[in-house]
Amino acid sequence: MKKIAPLLVIAIFSIFSSGCASFGRGIAEAYFEKQEAADTRLCEVTGSPFEGIKPHLNNAGGKMKVLMVHGVGDRLPGYSTQFLEKLAKSLNLTVRAKRNKDIFLRDPLDESKKLGNLRIHRLLNKRRDQELLFYELTWSEITAQQKAILAYDNSGEYSFRRAEVNDLLKRFSNDTGPDPIIYLGDSREDILISFTQSFCWMTKGLWDDLPDQQAKSCTFDDLAAVENLKNDQYAVVSHSLGSRITIDGLQRLARFFSDSSFRPELDRPKDLVKALQQKVIPIYMMSNQLPMLQLGRQVPEINSQQNAYCNPEGENYDKRILSGTPIIAFSDPNDLLSYAIQQNFVDKYIDSRLCADVTNININVAKIFDAFGLGKFANPLDAHIGYNTDKRVVALIAKGIGNANTSKLVKKRCQWTETID
């Protein structure tokens, strides 16, 4: 059979190249559609149960607030629309504000510095008793100027010499490849300030209180932010490099709130720090790259001390930053840029004051085909970018697993193995 398979491939491609292309295309489509009919793609959840967003929409005293942080590549505000629409449908949020709000982020210590865009969406259910504020951070403006160095390579002067497919791949490489490199350089601090500013705006009050179409910075010295932190619920959804930015951003917040010599010009009320210490902020990581992006970096100053900081009996319990940071890491085995997170990685390479815990989700978001007997194949690009449109991923973020709200789709399609200490 192995000898016959290459002949089959040659025969089909021969048909495509002849005048009977439509006939050959029909054979190929029928072949793949037959495989798609029985969707047996992997979905394995290993870790602690988690609630998802759904239970927190019933928060009578506050709001559910979700921050989206994108990964590599140039983005424009609105990049998360498809994911947000699927999430809203899963949460039965059928009402939304007529207009979004856009804040052009600035550094409070340097208002001239452009730090990207924060777009806020307001979604509600039909009865108006459940509300979600969705904050979409677009930080790629920070790296765009440096990536312009490669713009000449995309011009006709060079691109016309490449084969068409290779030219597409080179453009993709020029768009995405530089971002992790730039992040390791001087722009990293600006990107992390952009994340901090986004989180700061999340601590502000009601929808009507948020600015729109303004270039503005945010500070934590607003007394109302203390009550908001106590009452509101928070979560982060990240993709690719965005996961590294999120963890580094939270670790930067840990430093800011614990070290008065770090940006001493800015106030940090003690009551706000205490309120933050009571929060559990889950991070839903799509195509997590934390292990790869840890290479060549120093470990956090405070590591491997979870018991001391996260256990109520621990000697440094009052010095933690968050009560808990559940990390829900989605990884497609066919995604060449994604990695599962082991608990010992969390212990050593994530600041102990975040009290992080990890749940790994091994999930095929890209379809797997039998390539005419040559072996199994999944498009690695689909495996990298397909998370935010996968119904199972959205359902897990919306309603979690191991609880009464878990969706029927997840119960049917995902296998869960609970882990304990």
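Helices are DSSP runs of at least four residues, numbered from the N terminus. In the predicted model described here, helix H15 covers residues 380–385 and contains Leu381. Leu381 has a relative accessible area of 38% and is therefore partly exposed. Together with Phe172 and Ile385, Leu381 makes a nonpolar patch of about 260 Å² on the surface.

Helix H16, formed by residues 391–399, is mostly covered, with seven of its nine residues buried. The buried positions are Arg392, Val393, Val394, Ala395, Leu396, Ile397 and Ala398. Gly400 follows H16 and has a positive phi, near 65°.

Charged side chains were examined next. Side chains of opposite charge can pair when their charged atoms come close. In this model, the count of salt bridges comes to 18. One of the pairs is formed by Arg119 and Asp102, with 2.9 Å between the closest N and O atoms. Arg119 belongs to strand E5 (residues 110–124) and Asp102 to strand E4 (residues 101–107), so this pair ties together parts that are 17 residues apart in sequence. Both Arg119 and Asp102 are buried.

A salt bridge is also found between Arg122 and Glu131, where the closest N and O atoms are 2.9 Å apart. The partners are covered to unlike degrees when set against the cut-offs, under 20% relative accessible area for buried and over 50% for exposed. Arg122, with a relative accessible area of 27%, is partly exposed, whereas Glu131, at 11% relative accessibility, counts as buried.

A further salt bridge lies within a helix. The side chains of Glu227 and Lys230 meet at 3.6 Å, N to O. Helix H9 (residues 223–231) holds both Glu227 and Lys230, which are three residues apart, about one turn of the helix. Glu227 is partly exposed, its relative accessible area being 42%. Elsewhere, Arg188, Arg244, Asp248 and Arg297 are joined into one network by salt bridges that share partners.

In summary, the salt bridges described include a pair between strands E4 and E5 and a pair inside helix H9. Among the helices, H16 is mostly covered, while H15 holds the partly exposed Leu381, one of the residues that make the nonpolar surface patch.

Methods:
Residues are numbered from 1 along each chain as its sequence is written. This is a predicted model: local features need pLDDT of at least 70, side-chain atom pairs count only at pLDDT 80 or more; totals for chains, interfaces and linings use all residues. Side-chain values use heavy atoms; hydrogens and water are left out. Patches are made of residues with over 30% relative accessible area and no salt bridge: like charges are joined within 9 Å, nonpolar side chains (Val, Leu, Ile, Met, Phe, Trp, Tyr) within 5 Å. Accessible areas come from the Shrake-Rupley method with a 1.4 Å probe; for residues, only the protein chains shown count as cover. A salt bridge is a side-chain nitrogen of Lys or Arg within 4 Å of a carboxyl oxygen of Asp or Glu. Helices (H or I, at least four residues) and strands (E, at least two) are DSSP runs, numbered from the N terminus. Buried means under 20% relative accessible area, exposed over 50%, partly exposed in between (1.4 Å probe, protein chains only).
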